[in-house]
Structures are given as structure tokens and as C-alpha cells.
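Q: I am new to this structure. Please pick one part and take me through it closely, then show me what else is worth a look.

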Amino acid sequence: MKIQSVRGVKDILPGEIAKWQWVEKTAHEIFSRYGFSEIRLPIFEKTALFSRSIGETSDIVEKEMYTFDDRGGDQITLRPEGTASVVRSYIQHKMYNPPSLLKLYYMGPMFRYERPQAGRFRQFYQIGAEAMGSASPLVDFEVMTMLIAFFNKLGLKDLRLEINSLGCPDCRPAYRETLKSAIREHLDELCGNCNQRYERNPLRVLDCKVEKDRQIAEGLPKSKDHLCEVCQENFNKVQSMLDTAGTPYNINPKLVRGLDYYTRTTFEVTSENLGSQNAICGGGRYDSLVEEFEGPSTPCFGFALGMERLISLLDSEETDGLNSKPDIYIVCLGEAAVSHSLNMVHDLRYAGISVERDYESGSMKSQMRKANKMQAQFVLILGDNEIQSGKYNLKNMDTGDQIEVSANSLLETLRSQLTG
Ligand code: HAM
């Protein structure tokens with residue numbers, strides 16, 4: 001029986017993994033410079049955590065969660081995102097004590113039963129970051145800036161930062177009603193989905209993808225024009241900090257995001273090179289979520305980026321050199337050479353040199369072919385003469401140069417040649 005992977009789920013193969021590791025390493029480096037610490041969270045949680053935080057009427061909760069009863073009868077969901085788990089963990093471990101701004105980041109797989117297409121998977125990886133415990137717009141600015149620094153470090157180009165403000169529990173209810181009355185006028189022109197959204201989640205009408213609805217949405221009232229004084233002031237400050245730092249951005253009044261927990265600033269980073277799934281990253285402020293889960297008042301700001309989309313944007317010039325190649329390939333001719341090589345190979349590897357060898361006792365020609373294929377930097381041929389004399393020929397495969405080294409100086413020579 002031939003079994004294939006599940007639809008919408010993909011293997012990340014060894015040929016690609018160097019890029020993934022590079023992106024992850026860069027995230028660790030940049031995020032820690034901004035004071036973020038890594039947190040590792042469970043891949044599954046109680047279903048209620050997601051349905052209550054992301055919102056009962058969101059697409060994710062209504063149709064995309066992988067939910068099942070475990071053998072004890074608990075309702076479990078494979079995480080569709082990371083923010084809810086961070087909030088759960090923050091409260092559970094009382095990370096609000098002592099009160100201070102806590103900055104966390106995470107990376108790992110998420111699961112959504114969406115219709116698979118280019119850039120959209122059912123298991124996908126995110127890197128996310130959450131700054132918890134401050135309502136200051138400086139946090140919004142800094143977290144977005146960190147993200148842009150990270151994208152720049154990876155050499156990503158032609159990205160757009162789009163921002164919006166969705167208001168807060170003080171101004172959103174009135175805006176929602178204003179929006180609903182405006183939508184009511186167009187109900188018979190809007191798609192079936194938007195007719196349902198009108199009652200339960202009217203803001204989502206603004207980001208409907210149906211062309212006719214998009215035109216109607218242009219004329220609907222936008223949250224940024226219905227903000228209370230505090231929200232307006234915050235949004236102004238975020239913009240003026242971005243202006244001062246010279247960070248380009250666009251205000252996109254239709255950016256409402258698909259998760260219900262957002263308040264005030266929301267943002268996305270998009271790329272024209274991604275096709276229809278053009279968001280590489282999304283996030284924003286969620287000032288009430290910790291309290292909704294019975295934690296202390298903790299305003300938060302965060303984002304998550306999609307790894308598959310990010311990886312697809314990497315310039316091959318930046319990443320060509322990433323795949324690991326052996327420093328040295330040891331060609332063994334005969335049984336005595338294999339035996340002699342055992343400790344030699346081990347000692348070199350232990351000292352930090354990457355060593356490849358042949359496992360099949362092939363001919364000299366076949367071993368050289370393998371060394372070439374692996375693009376080993378050096379080749380050392382080990383035969384009876386070399387074992388007896390304790391002197392080896394080290395061949396630089398790039399230049400073709402050969403040097404003679406003694407057994408004692410092999411490691412030292414390799415080190416100097418590899419770094420030089
Ligand atoms: P999100 O917009 O649902 O936000 O997802 C963030 C990013 O994950 C998207 O911009 C996209 O790059 C990637 N992504 C989402 N779904 C898929 C999919 N099916 N296949 C491939 N990539 C996908 C969140 O998840 C929020 N938790 C972000 C956040 C953190 N907000 C505050 N803190």
C-alpha cells in the first residue's frame with residue numbers, strides 16, 4: 001500500500017532545510033537583541049481557548065480547526081495560531097509577576113483546515129512574537145521595526161507595511177452599528193457570505209475578496225474615521241514614530257484581520273511576489289484578551305509570520321551558500337586504510353571539522369566521484385603508503401593544489417586552510 005502525505009501538508013526536505021535553519025537562527029539573533037525570549041508551547045490545547053480568543057464567528061473557529069475528543073473525552077484542538085497559547089501560558093504561570101513588559105517569541109507548526117493553494121497549507125509554520133504589559137504606541141512601533149529589521153537582514157525586498165486602527169471597546173460598538181446600518185443598504189448586492197457576516201461579524205465585510213463587494217466596501221465607513229480620542233492619539237503616535245524613523249507604510253482602512261481579539265493598531269506586511277496569498281505577516285494590538293481569560297489587565301502587541309511564504313521570497317543569491325558541504329572527504333584504499341580512518345575521522349569531527357567518507361569500499365574513482373558530488377573542500381587519500389609514512393596528501397578541490405601534511409599537523413593545517 002502506497003501512502004502519501006495528507007493534502008495541504010508538506011515535507012521540508014533536506015535540500016531546503018538550510019534556509020529554514022538560517023531564518024530561524026536570524027530570528028533568534030534579532031529578536032533577542034530586542035529583549036525577546038523564546039517560549040515553547042504545546043501543539044494542542046483545549047478547544048475553548050481558541051474558540052473564545054479567536055472568536056466564535058471567525059473563519060478559523062467556524063470552519064478551519066482540527067478538533068477532536070481525546071481518549072479521556074476532552075475536546076482538543078491542534079493550534080491554529082500561537083497568540084492564544086501565549087496568553088494562556090502567561091496567565092497560568094503568573095508571568096505578570098512582577099509587573100513589567102514581557103517579550104516572548106515562538107516558532108512552530110500551526111494547523112488550519114483551509115483550501116490548499118500556493119502559499120496556503122493545512123500545516124504551516126509561524127514565527128511569532130508578543131510584547132505583553134504595555135499600551136504604549138512605542139511598543140507597536142518597536143515590534144514592527146524589529147520585524148522589518150529581521151526581513152531586511154534576510155534580504156527581503158519590495159515589502160509593504162500596511163497599518164490600520166480598529167478602535168477599542170469604547171469606540172468600536174458605536175462604529176460597528178454605524179457600519180451595520182451602512183451595510184444594510186447593500187445587503188441584496190453583497191455576496192451570501194457577507195450577508196451572514198453582516199449580523200455576526202460586520203467588520204469582515206470590509207475585507208471580502210469578491211470584486212463587487214470590494215467596490216461596495218470602498219464606500220463603507222472605516223474604523224479609522226470613528227476612533228475615540230485615545231485611540232486616535234495612539235494611532236497618530238504610531239504613524240509619527242514610523243515617519244520619524246523613515247519607515248514607509250500605508251494606511252489600509254480595510255485591514256480588519258480575521259481574528260477577533262484585535263484592538264487599536266493592526267498591521268500586515270505584504271509582498272507583490274506572493275500571488276493571492278500576499279500576507280507574509282500579520283498582527284496588532286490585543287489589549288483585552290488577557291483580562292478575558294481572567295488575567296490582570298495586560299495590553300499586548302504581537303505578530304506572526306508565515307515561514308513557507310517567507311522562504312519562498314528568499315533570494316537564491318543570499319541562500320546558495322547555505323547548504324552544508326563537507327570540509328574534507330577521506331578516500332580509503334583497502335582494509336588497513338578503513339581501519340586507520342576510524343579514529344582519524346572521529347577525531348576530526350570531534351574537533352569541529354565536517355568529514356565525509358565512503359561506506360562501500362568503492363574504487364578510488366568512485367570515491368573521488370562522491371567527493372566531487374558532495375563538493376568537499378579537501379580530499380585526503382589514505383592507502384598503505386600513507387599509513388606507513390604518516391604523511392598525507394591534502395588536495396584542495398577548488399584550486400587543485402596539493403600539500404603534504406603529517407598525521408600530527410592534519411587538524412591544524414585543515415583549520416588554517418578552512419578559515420583562511
Ligand atoms: P494570521 O494573520 O492568522 O495571524 O497569521 C499570520 C501569518 O501566518 C499570515 O500572514 C501568513 O503568512 C501565515 N499563514 C496563515 N495561515 C496560513 C496558511 N494556511 N498557510 C500558510 N501560511 C499561513 C495570526 O496567526 C496571529 N496569531 C498573529 C498575531 C500574533 N497577532 C498578535 N500576535
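A: **Ile280 and the ligand site**

Ile280 lies in strand S10. Strands (E, at least two residues) and helices (H or I, at least four) are DSSP runs, numbered from the N terminus. This is a predicted model, in which local features need pLDDT of at least 70 and side-chain atom pairs count only at pLDDT 80 or more, while totals for chains, interfaces and linings use all residues. Residues are numbered from 1 along each chain as its sequence is written, and side-chain values use heavy atoms, with hydrogens and water left out.

Is Ile280 buried or exposed? Ile280 is buried, because its relative accessible area is 1%. Buried means under 20%, exposed over 50%, and partly exposed in between (1.4 Å probe, protein chains only). Val338 is 58 residues away from Ile280 along the chain, and 50 Å separates their C-alpha atoms.

Now look at the ligand. Its shell holds 26 residues, and those that come nearest are Glu81, Glu114, Phe121, Glu130 and Tyr262. A residue joins the shell when one of its heavy atoms lies within 4 Å of the ligand. By type, the shell has 11 nonpolar, 8 polar and 7 charged residues. Here Ala, Val, Leu, Ile, Met, Phe, Trp, Tyr, Cys and Pro count as nonpolar; Asp, Glu, Lys and Arg are charged; the others, Gly among them, are polar.

Next come polar contacts (pairs of N or O atoms within 3.5 Å; within protein, one must be able to donate a hydrogen and the other to accept it, and residues adjacent in sequence count only if both atoms are side-chain atoms). Arg112 places a polar side-chain atom 2.9 Å from an oxygen atom of the ligand. Ile280 uses its backbone: an N or O atom there is 3.1 Å from a ligand oxygen. For Cys281, a polar backbone atom lies 3.4 Å from an oxygen atom of the ligand. The protein covers 95% of the 650 Å² of accessible area that the ligand has on its own. Strands S6 (123-132), S10 (279-285) and S11 (300-306) are the elements that give two or more residues to the shell. S10 gives the most, with 6 residues. Accessible areas come from the Shrake-Rupley method with a 1.4 Å probe; for residues, only the protein chains shown count as cover.

**The second largest pocket**

This pocket holds about 420 Å³ of space. Its lining has 24 residues, and Arg172, Leu203, Asp260, Tyr261 and Tyr262 are the closest to its centre. Helices H2 (47-54), H6 (172-184) and H10 (289-292) each give two or more residues to the lining. H6 gives the most, with 3. On a 1 Å grid over the protein atoms alone, a cavity is a set of points where a 1.4 Å probe fits but cannot get out; a pocket is an open set with protein on both sides within 12 Å along at least five of seven lines, and lining residues have an atom within 4 Å of a point. Points are joined across faces, edges and corners, and the volume is the space filled by probe spheres set on them.

**Backbone details**

Most residues other than glycine have a negative phi, and most peptide bonds are trans. Asn97 and Pro98 are joined by a cis bond, with omega about -10°. Pro98 sits in the loop between helix H4 (83-92) and strand S5 (102-111). Lys94 is found in the loop between H4 and S5 too, and its phi is near 45°. Lys94 is partly exposed, at 49% relative accessible area.
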